[in-house]
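User: Please give me a close look at one residue of this protein, starting with how hidden its position is. After that, please walk me through other places in the model that deserve a look.

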Amino acid sequence: MTTTTRRSGRGAVAAVLAAMALAVAGCTTPAPEPPQEPPSPVVQGPTIAPNKVPAPVPVVPPVWPLTGVAGEPAARPSLAVKIENTAVARPQTGLDQADMVWETIVEFDVSRFVAVFHSQVPAEVGPIRSVRPMDPQILAPMHGLLAFSGGQPGILDLVAASGVQMISHDAGAPGMYRVRDRAAPHNVYGNPTIFWGQADADHQAPPGEQFTVARSADRAAAVVGGTPASTLAFRLSAASSPTWTWDAGSGTWLRSEGSTPATARSGARLSAVNVVSLTAPHPNSGFGAQGGAAVPTYELVGSGDGVVATGGKTIPVRWQRNAQEVPIRLFTADGQLADLAPGNTWVELVPAGSGSLTIG
């Protein structure tokens, strides 16, 4: 009995201990699991459509700034030359190679040219005459060279103030000389290559675009929206009445002095792809000429009426300019820029109130 009782006591004690162990285990809090990192976001690349190639950016070919003709412009400034236009001065040399020619009326109702060269280099130009007050107004936006034979001190001051580099025969500039087959003062001629060689450090850059030019002739304003015309008869003064006649064969306007065909000394007919007529005030400048005659000028800052002739058609325009240093802009009746066609341009400055243009 005693042995049995002891075994039973040990069993009871073991049972109690086991029950306590289970109770403690049931009350123990399990260790927390370590936090999990959030999943990385999925980055999706740009969707590329199969066989989809980006359109290439069109390459615009370079053009000569004064003509809009395709080509790589030479790294030289514009060269303007004052050219006489009297009967004893004709035929002139080099006019057929000018990018632009501006016709102005000076004292005694005489016509005089401002011929601007850049894309072509003539071997000789002339006859070269003196400056006038309207010259810096025409040439200031180009910031180039001006070759002339002399001028009054006050007018020379205007030219210098415009930023144009002066190349003067009276000042002894190289490249000018007198020819023997014409009488003075109609015999001063010059070499453009030598003129360009005198450009200083501030006058090396090519000129900017003066009038806006379309990329092709069929996009020119007059061609697109103009009226057919065959002749442009100007009356600039009592002594100057140039006429331009459309020549479909050459695609140009042919110049005549009155009824006489105008030619260069080389024999080439003077012609223009574009003829631009600008009507502007033509007041006295305050400078005097021989015998007390007044020297006129033009007011080319502001706005006025004009006509553009291209491709055998004409279109009325308004010209506008806010300052002497910027180019003149031409606008059609709907306010759009009146683009010219690629090629050379002659500008006829018509004195307001006294000059006229008759289109036939």
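**A close look at Ser256**

Analyst: Ser256 counts as buried, because its relative accessibility is 8%; the cut-offs are under 20% relative accessible area for buried, over 50% for exposed, and partly exposed in between (1.4 Å probe, protein chains only). Keep in mind that this is a predicted model: local features need pLDDT of at least 70, side-chain atom pairs count only at pLDDT 80 or more, and totals for chains, interfaces and linings use all residues. Residues are numbered from 1 along each chain as its sequence is written, and side-chain values use heavy atoms, with hydrogens and water left out.

Where does Ser256 sit? Look for strand S11, which covers residues 252–257. Strands (E, at least two residues) and helices (H or I, at least four) are DSSP runs, numbered from the N terminus. The side chain of Ser256 makes a polar contact of 3.1 Å with the side chain of Arg269. Such a contact is a pair of N or O atoms within 3.5 Å; within protein, one must be able to donate a hydrogen and the other to accept it, and residues adjacent in sequence count only if both atoms are side-chain atoms. Arg269 also appears in the wider list of contacts (heavy atoms within 4.5 Å). Setting aside neighbours within four places in sequence, Ser256 meets Pro242, Thr243, Pro261, Ala262 and Arg269.

Now compare that with Thr345, found in strand S20 (residues 345–351). Thr345 is buried because its relative accessibility is 2%. Its side chain has a polar contact with the side chain of Asn274, at 3.3 Å. Beyond its neighbours within four places, Thr345 touches Asp99, Met100, Val101, Asn274, Val276 and Leu340.

His118 is another residue to find, this time in the loop between S3 and H2. His118 counts as buried because its relative accessible area is 0%. Among its contacts outside four places in sequence are Trp64, Leu66, Arg76, Asp99, Trp196 and Pro207. The C-alpha atoms of His118 and Ala98 are separated by 7.5 Å, while the two residues are 20 apart along the chain.

Arg329 gives you a partly exposed case, because its relative accessible area is 23%. This arginine is in strand S19 (residues 329–331). The C-alpha atoms of Arg329 and Phe211 are separated by 6.2 Å, although their positions lie 118 residues apart in the numbering. Phe211 is one of the residues that Arg329 touches, and others include Glu209, Gln210, Thr212 and Trp319. The side chain of Arg329 also comes to 2.3 Å from the backbone oxygen of Gln210.

Next, some backbone angles. Most residues other than glycine have a negative phi, and most peptide bonds are trans. Phe108, in the loop between S2 and S3, has a positive phi near 65°. Phe108 counts as exposed because its relative accessibility is 53%. His143 also has a positive phi, of about 50°, and sits in the loop between H2 and strand S4 (145–148). With a relative accessible area of 31%, His143 is partly exposed.

For cis bonds, try two prolines. Arg90 and Pro91 are joined by a cis peptide bond, with omega about -5°, and Pro91 lies in the loop between strand S1 (79–84) and strand S2 (100–105). The bond from Gly126 to Pro127 is cis too, with omega near 0°; Pro127 is in the loop between strand S3 (111–117) and helix H2 (134–139).

Stepping back, the protein chain has 5 helices and 21 strands. Of its 360 residues, 44% count as buried. Among contacts between residues at least 6 apart in sequence, 62% join residues at least 24 apart.

Finally, how confident is the predictor in this chain? The mean pLDDT (the predictor's confidence in each residue, from 0 to 100) is 89, and 85% of the residues reach 70 or more. Over residues 1–32, though, pLDDT stays under 50, and the model has 0 contacts there beyond four places in sequence. Where pLDDT is low, the predicted coordinates should not be read in detail.
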